[in-house]
Each structure stands twice: as structure tokens, then as C-alpha cells.
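This report describes selected features of one structural model. The sequence and coordinates are shown first.

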Amino acid sequence: WLIGFATIAALIIRPFSGIALDKLGRKGVLLIGIGAIAIVTLAYMWFPVVGIILTIRFLHGFGWGIASTASNTVASDVIPKSRFGEGMGFFSLSSSLAMALAPGLGLWALSAFQITGLTLLSAGFGVAALILAFFIRYHKVEPQSASRAKLSPYERASLKPTAIMFFISASYGSITGFISLYAVARGISNIGIFFMVFAAAMLISRPFFGRLIDRHGFSAAVYPGLILLIAALLVLHLAAALPLFLLAAVLYGVGFGATQSSLQTMSVHQAPKHRLGAANATFFTG
């Protein structure tokens, strides 16, 4: 329910975020999204009631949908086209690395400082992001481009990479949501290291695949990445001990890093300049 409420909210708000980014500009939309995340995160501590928490989670999804769409559009604006694959690889690495490390950090904060410490820490990250967002060099939406921008919330040129990412994300969501329960069923208790190895694999491989895209095209990264993802899931299916879990983490980290950044780059690379907001909204909807 917690994952579903946030996901539904993000799905609802992303198309409108894309239109706002293309029509109104980047800075205001990004600041609203990050500010909403920081405020809503504190609310988990204020209202410890399940029904209210689900409502807060829905609002959290709104903030996440706005901020993630806006930040990726801002990155698409400022990265030089000659190094676009490498630049998007580094940028997408930041969010993926945080999402990989956060579960372990969150569990530690919860055990050490209870829910109060966890929410304060999480809100602090949101405030830090909000401060940094004021110092970004934003692309100004030209009046001519804004007037030509279609009102369609989705960008047709981004549909193919979005469709591929849809299936990849299904496996990613399953792993992040259920790997702890799966490990316990296999008699493994210290599964937190899985996320650390997964993050390290992405950290090492993602810049390499970004440069590979710039030199040899998207196929050079997407196809090997898909093969590694399949191999990782097969290893995870057979895993009965921690070393095999960690091998799956390496394979999945490299495969996910290669495919996610490549497909995201493809989705905005093929879109018109005045439709970058809609292109990012389309990709993250998938």
C-alpha cells in the first residue's frame, strides 16, 4: 500500500509536471517538488496513524513525481550534446546510488534514533536538495518554443525506451520491495550488504556505459545490460547462500546501470528541445 499510493500519485502528477516544465520553466517546478518532499517527510512523525500515513504517502508521491521529472529535465538542458550519454550516466547514477544506499541507512537510523530521527534525517536531505536547487544554472524556456509546445502530456518519441524501461522497472521494484523477505526465507539475515554491492556495481560501471553510448550508440549498452539483468534474476532464483545473492547484486547493478541511463538518455535525445519536460515525464511514467 505504501509503495502503491506513492506510485499512483506520481503517475497522476508527472504528465502535468512535464507540461509545466515546458510551458512555465524549470526552476519553480523543481523547487515546488523538492519543498513538498521535505515538508511531507516530517509529517510521517507528526501523524502516527495508518490511515493518515497513507494520505501523507500519496502527497509524498506528488512531490516525488514533480521533483524527479523536473531534475531530469534540468540535467537534459545543461549536459553538452557531445557527452550527453556520459553526462546522463553520471546524473542518473546519483539518484540510483542514493536509492541503493538509502534502505541500509534508513534501517540504521530507525534502530538508532527511532522514527523521529529517521524523519528528521530524511527531511534534512530534502532541505539540502532545496538549497542546492537555488544554485543550478537553469535553461530559460523561450516564448516561441513554449507557444509551439503541444499540450499532450506524453512525448511520442520517448515511447519505445519507456516501454523497455517499464519491464525493467517491474523487476527492480520486485527486488527492492521483497529482497529482504526472500533472503529471510533462504536463511540469510544480513541482506543489507546486497544494496551496497548493487550500488557499487552501478557506481563503477555507469560512467563506462555512458562513454560507450557516445562512441558506439545505444545498442552497445542496452543489449549487454538486458542480458546481465536476465542473468542476475536467474542467479537470484537459484541463490541459497549470501555469495550468490552478492553475485546477483553485481550482475543486476551493472545491468540496471547500463539500461536505465541508456534508455533515459534515448528518451530525451530523440525528443524536440521544447518537449524535454514531456519526454522525461513519459519515461518516468514507464
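The sections below cover the basis of the model, its nonpolar cores and two of its helices.

## Basis

The model is predicted: local features need pLDDT of at least 70, side-chain atom pairs count only at pLDDT 80 or more, and totals for chains, interfaces and linings use all residues. Residues are numbered from 1 along each chain as its sequence is written, and side-chain values use heavy atoms, with hydrogens and water left out.

## Nonpolar cores

The largest nonpolar core (buried Ala, Val, Leu, Ile, Met, Phe, Trp, Tyr and Cys residues joined through side-chain atoms within 4.5 Å) contains 38 residues. Buried denotes under 20% relative accessible area, exposed over 50%, and partly exposed in between (1.4 Å probe, protein chains only). At least two residues of this core come from each of α4 (84-133), α6 (159-185), α7 (192-216), α8 (219-238) and α9 (242-269); helices are DSSP runs of H or I, at least four residues, numbered from the N terminus. Helix α9 gives the most, with 10 residues.

Apart from this core lies another, of 14 residues, including Leu 30 and Ile 34.

## Helix α1

Helix α1 (residues 2-24) reaches 31 Å from its first C-alpha to its last. A kink of about 35° (the angle between axes fitted to the seven residues ending there and the seven starting there) lies at Ile 13, shortly before Pro 15. Both Ile 13 and Pro 15 are among the buried residues of α1. Gly 25, with a positive phi near 110°, follows the helix.

## Gln 114

Gln 114 lies in helix α4 and has a positive phi, near 65°. Its relative accessibility is 51%, so Gln 114 counts as exposed.

Notes
Expected span 1.5 Å × (residues − 1).
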